[in-house]
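Thank you all for making time this morning. I would like to walk you through one structure, slowly, and I will begin by putting it on the screen.

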Amino acid sequence: MCLAIPAEVTRLLPDEMAVVSIDGVSKEISVALIEDLAVGDYVIIHVGYALTRIDPEEARRTLELLRELSAGGQGAVP
Amino acid sequence: MNLAFRNEIAITVLLSGGAIADVKVEPRSRPPLTRLFAGKQAASLLAVLPRLFSLCSAAHQVAYLSAVEAARGEDAALTTVRRRVTAVIAERLTELLRSLFIGRLPLDGARAASVRAMMQAGAVLCGGVDEAGPDSPRREAVLQIKSALRELGIAGEDPAPGSMLAAYLADLDGEALSSPTAEQSFLTAADDLEIVTRLLRDGAHYSDAPELHGRIPETGVWARRRQPVLPPGAGPAERLKARIAEVVRLCAWLEDDEQDRDDGLVAAYRLGSGKGAAAVECARGRLYHAVELDPGDRIARFEFLAPTEWNFHARGPLVRSLKGAVPAPGRRGQDAVRALVDSFDPCVGFNLSFREAGHA
């Protein structure tokens, strides 16, 4: 069960790398699988790779939903 | 904002006398979807699933739609079922291929372009979960997938000689981890009814740590490949080859449009008035959804069980494969353990650490 947490691209780096912000935490990832990415785009990440670009409105709705889920109970596996 | 989800599996390998004495698995968090969606219209969750579950969104949509239809006592039209099967197959193919390369082989210009082409074609084929589309984009998408596979060195059930994938498999150090002969057990469609019944009865208590009368079977590529009899101590190379072979089979399936084949890929179960469930065979194994609807078609309960819960269960297939194994000393042995964990293909990242048993 892979939760798709949107990440915002904050900086583009050489060699198809980029810095993204996930829930306020910066992370360096590969963007080799997405063409023509720009700062401000939102992407879905899996094991260090941006897999898909999503539009900012969809990202906002997803983050809102994740916030609700987070507040609604942790549901952590013991 | 602080999202309280831990989207990574933590695995600790405990060593004693040079052998793996035990393996601790700390799973990722699960979102409390039942609580959030209780009381909402059944249709409201359909739009949310692809946003929450990115890697297997078609499988989640098909599982949910099928479970809701079963709960309502409805049957999907044959053409709808066929579209859903195509979407699940295309997503499975895309995921299996992507996971062969990501984090394993460098994705430089040409290879990245081929994986991108594959993902784009897969998205076209996954687009028909809920509505019909013309045939021509489908044919073009399948041709694009075939072309991408050739460029990535996948033309038959073994990688093309000289390809980077073939070189990677040849370099896997099979001698660096002597594995015990662990008993193998595989999840099949015959287990569905018991699983969905317990899922709806026990909810997260069951989906957090599923079992079948004490048995914790493996699901996914290796389980689907169970004929002929598989070597019990198979390592990462055999598991990755099985993944390549399945990619090739799925591509042939899409090309030939073998729509009548029924291997339990999508199965729906009516569990009583307003209750339904479904199982979908996705890339990493069998995915289950179970729902209970009230008379106003609102969600009274929603439960799901992802395949990684079986494979990365605290007493599951991965742990059984590692316990008692003897890794080579130092980094070489640790790399071999990492390769084996990776070959079980979790749907999230994992963090692997080693320590001596008895040490805090």
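I will speak about chain B, then about a hairpin and its sheet, and after that about chain A.

Please keep in mind throughout that what you see is a predicted model, and that the numbers I quote are computed from it.

Let me start with the overall make-up of chain B, which contains 14 helices and nine strands. Its radius of gyration is 21 Å, close to the 21 Å that the globule rule gives for 360 residues, so chain B is as compact as a globular protein of that length. If we take the principal axes as our directions, the C-alpha atoms of chain B fill a box of roughly 60 × 50 × 45 Å. Of its 360 residues, 46% count as buried. When we look at contacts in chain B between residues at least 6 apart in sequence, we find that 71% of them join residues at least 24 apart.

What, then, lies in the interior? The largest nonpolar core has 107 residues, and the members that touch the most others are B:Ala67, B:Val88, B:Ala277, B:Ala278, B:Val280 and B:Tyr288. We can take B:Tyr288 as our example: if its neighbours within four places in sequence are set aside, its contacts include B:Ala63, B:Ile195, B:Leu199 and B:Phe304. There is also a second, separate core of 18 residues, and among its members are B:Ile9, B:Leu318, B:Ala325 and B:Phe344.

Now let us turn to the hairpin, which you can find at the beginning of the numbering that I am about to give. Strand 1 of chain B covers residues 8–16 and strand 2 covers residues 19–26, and the two pair in the antiparallel sense over seven bridges. As a general reminder, strands of a sheet pair through backbone hydrogen bonds, and they may do so in a parallel or an antiparallel way. In this hairpin two residues sit between the strands, and B:Gly17, in the turn, has a positive phi of about 60°. B:Ser16 stands opposite B:Ala19 of strand 2, while B:Thr12 has B:Lys24, also in strand 2, as its bridge partner.

The hairpin belongs to an open sheet of three strands in chain B, which come in the order 2-1-9 with mixed pairing. Strand 2 and strand 9, the latter spanning 349–356, are the edge strands, since each pairs on one side only. From one strand to the next, the twist averages 20°. Across strand 1 and strand 9 of chain B lies helix 14, residues 330–343, which runs at about 145° to strand 9.

Finally, I come to chain A, where we find one helix and five strands, and where the order from the N terminus is β-β-β-β-β-α. Of the 78 residues in chain A, 36% count as buried. Among its contacts with a separation of 6 or more, 29% are between residues 24 or more positions apart.

Is A:Leu66, in helix 1 of chain A, buried or exposed? A:Leu66 has 22 other C-beta atoms within 10 Å, and because the cut-off for a buried residue is 20 or more, it counts as buried. A:Leu66 and A:Ile5 are 61 residues apart in sequence, and yet their C-alpha atoms are 7.9 Å apart in space.

How values were computed: Residues numbered from 1 in each chain as written. Chains lettered and ligands numbered in written order. Predicted model: local features only at pLDDT ≥ 70, side-chain atom pairs only at ≥ 80, totals over all residues. Buried ≥ 20, exposed ≤ 12 C-beta atoms within 10 Å, placed from the backbone. Helix = DSSP H or I, 4+ residues; strand = E, 2+ residues; numbered from the N terminus. Rg over C-alpha atoms; globule rule 2.2 N^0.38 Å. Contact = placed C-beta atoms within 7 Å. Core = buried A, V, L, I, M, F, W, Y, C linked by C-beta atoms within 7 Å. Pairing = 2+ DSSP bridges. Axes fitted to C-alpha atoms, helices over the stretch in contact; angles between N-to-C directions.
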